[in-house]
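The following exercises are to be worked through with the sequence and the coordinates at hand. Each task is followed by a solution in steps.

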Amino acid sequence: MRILLIDDCEITLESMHVFLDQEIPGVAVTEYPSLRLGKPPPDFNWAAYDVLLLDYDLGKRQTGTDWLREVIHRPGFPRTILITGVGDSYVVADALKPGRGCDLNEAERHPEGLAPGV
């Protein structure tokens with residue numbers, strides 16, 4: 001399984017990477033620090049990944065759903081799980097608008113909470 005992690009916090013990316021390595025045998029994880037790298041370029045190969053774990057708050061007033069709206073209809077776009085730090089119904093509704101994925105609250109970042117989405 002190939003997983004792309006997009007988050008504004010590099011410490012969070014590292015900890016999620018370690019967690020996924022421990023819990024999913026043979027996983028290939030790519031970290032994408034959104035605060036440092038900004039939006040992926042237009043020719044970004046989304047199809048190279050099976051799953052996208054996308055943070056809702058990407059820093060610099062950008063959200064994961066903003067990014068999703070721009071790229072979700074590209075061929076081969078991976079299944080997406082939006083990760084939030086808040087249990088806000090507006091965030092959940094906003095996450096579901098693009099038509100893909102599910103919402104995973106940060107409190108549910110453990111194998112039992114992650115498995116249904118992946």
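**Exercise 1. Surface and overall make-up**

Determine how much accessible surface the chain has and what share of that surface belongs to carbon and sulfur atoms.

Solution. The accessible surface of the chain in this predicted model comes to about 6,300 Å². Carbon and sulfur atoms contribute 54% of that surface. Turning to the interior, buried residues make up 42% of the 118 residues in the chain. Among the contacts with a separation of 6 or more, 65% are between residues 24 or more positions apart. The chain has five helices and seven strands, and from the N terminus on the order is β-α-β-α-β-β-β-α-β-α-β-α.

**Exercise 2. The strand β3 and its neighbours**

Establish whether the faces of β3 are covered or open, and identify the strands with which β3 pairs.

Solution. Step one concerns burial. Strand β3 spans residues 51–55, and five of its five residues are buried, so the strand is largely enclosed by the rest of the structure.

Step two separates the two faces. In a regular strand the side chains alternate between the two faces of the sheet. In β3, Val51, Leu53 and Asp55 lie on one side and Leu52 and Leu54 on the other, and all are buried; both faces are therefore covered.

Step three follows the pairing. Strand β1 (residues 2–7) and β3 pair in the parallel sense over four bridges, with Leu52 of β3 as the bridge partner of Leu4. β3 also pairs with strand β6 (residues 79–84), again in the parallel sense, over five bridges; here the bridge partner of Leu53 is Ile81.

Step four extends the description to β1. Five of the six residues of β1 are buried, so β1 too is largely enclosed by the rest of the structure. Six bridges join β1 to β2, and these strands run parallel. Arg2 stands opposite Ala28 in β2.

**Exercise 3. The geometry of helix α1**

Compare the expected span of helix α1 with the distance between its end C-alpha atoms, then decide how its buried residues are arranged about the axis.

Solution. Helix α1 covers residues 10–23, which is 14 residues. At 1.5 Å a residue it should span 20 Å, and the end C-alpha atoms are 20 Å apart, which agrees.

The buried residues of α1 are Thr12, Leu13, Met16, His17 and Leu20. Viewed down the axis, the buried residues fall within an arc of 135°, so they line one face of the helix. On the other side of α1, Ile11 and Gln22 are exposed. The underlying rule is that an α-helix has 3.6 residues a turn, so residues three or four places apart point the same way.

**Exercise 4. Aromatic pairs**

Find how many aromatic pairs the whole structure holds, and classify the pair of Tyr32 and Phe44 and that of Trp46 and Phe77.

Solution. A search of the whole structure finds four aromatic pairs. Tyr32 and Phe44 form an edge-to-face pair, with 6.0 Å centre to centre and 80° between the planes. This pair links distant parts of the chain: Tyr32 belongs to strand β2 (residues 28–33), while Phe44 is in the loop between α2 (34–37) and β3, twelve residues apart. Both Tyr32 and Phe44 are buried.

Trp46 and Phe77 form a tilted pair, with 5.1 Å centre to centre and 45° between the planes. Trp46 lies in the loop between α2 and β3 and Phe77 in the loop between α3 (64–71) and β6, so the pair ties together parts that are 31 residues apart in sequence. Trp46 has a relative accessible area of 5% and is buried; Phe77, at 5% relative accessibility, also counts as buried. Finally, ring pairs link Tyr32, Phe44, Trp46, Tyr49 and Phe77 into a cluster.

**Exercise 5. Positive phi values**

State where Lys60 and Arg61 lie, and determine whether Lys60 and Arg61 are buried or exposed.

Solution. Most residues other than glycine have a negative phi. Lys60, however, has a positive phi near 50°, and Arg61 has a positive phi of about 60° although it is not a glycine. Lys60 is placed in the loop between β4 (57–59) and β5 (62–63), and Arg61 lies in the loop between β4 and β5. Burial is judged by relative accessible area, with exposed meaning over 50%. Lys60, at 62%, is therefore exposed, and Arg61, at 86%, is likewise exposed.

How values were computed
Residues are numbered from 1 along each chain as its sequence is written. This is a predicted model: local features need pLDDT of at least 70, side-chain atom pairs count only at pLDDT 80 or more; totals for chains, interfaces and linings use all residues. Side-chain values use heavy atoms; hydrogens and water are left out. Helices (H or I, at least four residues) and strands (E, at least two) are DSSP runs, numbered from the N terminus. The expected span of a helix is 1.5 Å times one less than its number of residues. Buried means under 20% relative accessible area, exposed over 50%, partly exposed in between (1.4 Å probe, protein chains only). The arc is that of the directions from the helix axis to the C-beta atoms. Two strands pair if DSSP finds at least two bridges between them. Contact means heavy atoms within 4.5 Å. Accessible areas come from the Shrake-Rupley method with a 1.4 Å probe; for residues, only the protein chains shown count as cover. Rings of Phe, Tyr and Trp (its six-membered ring) pair if their centres lie within 6.5 Å; planes under 30 degrees apart count as stacked, over 60 as edge-to-face and the rest as tilted.
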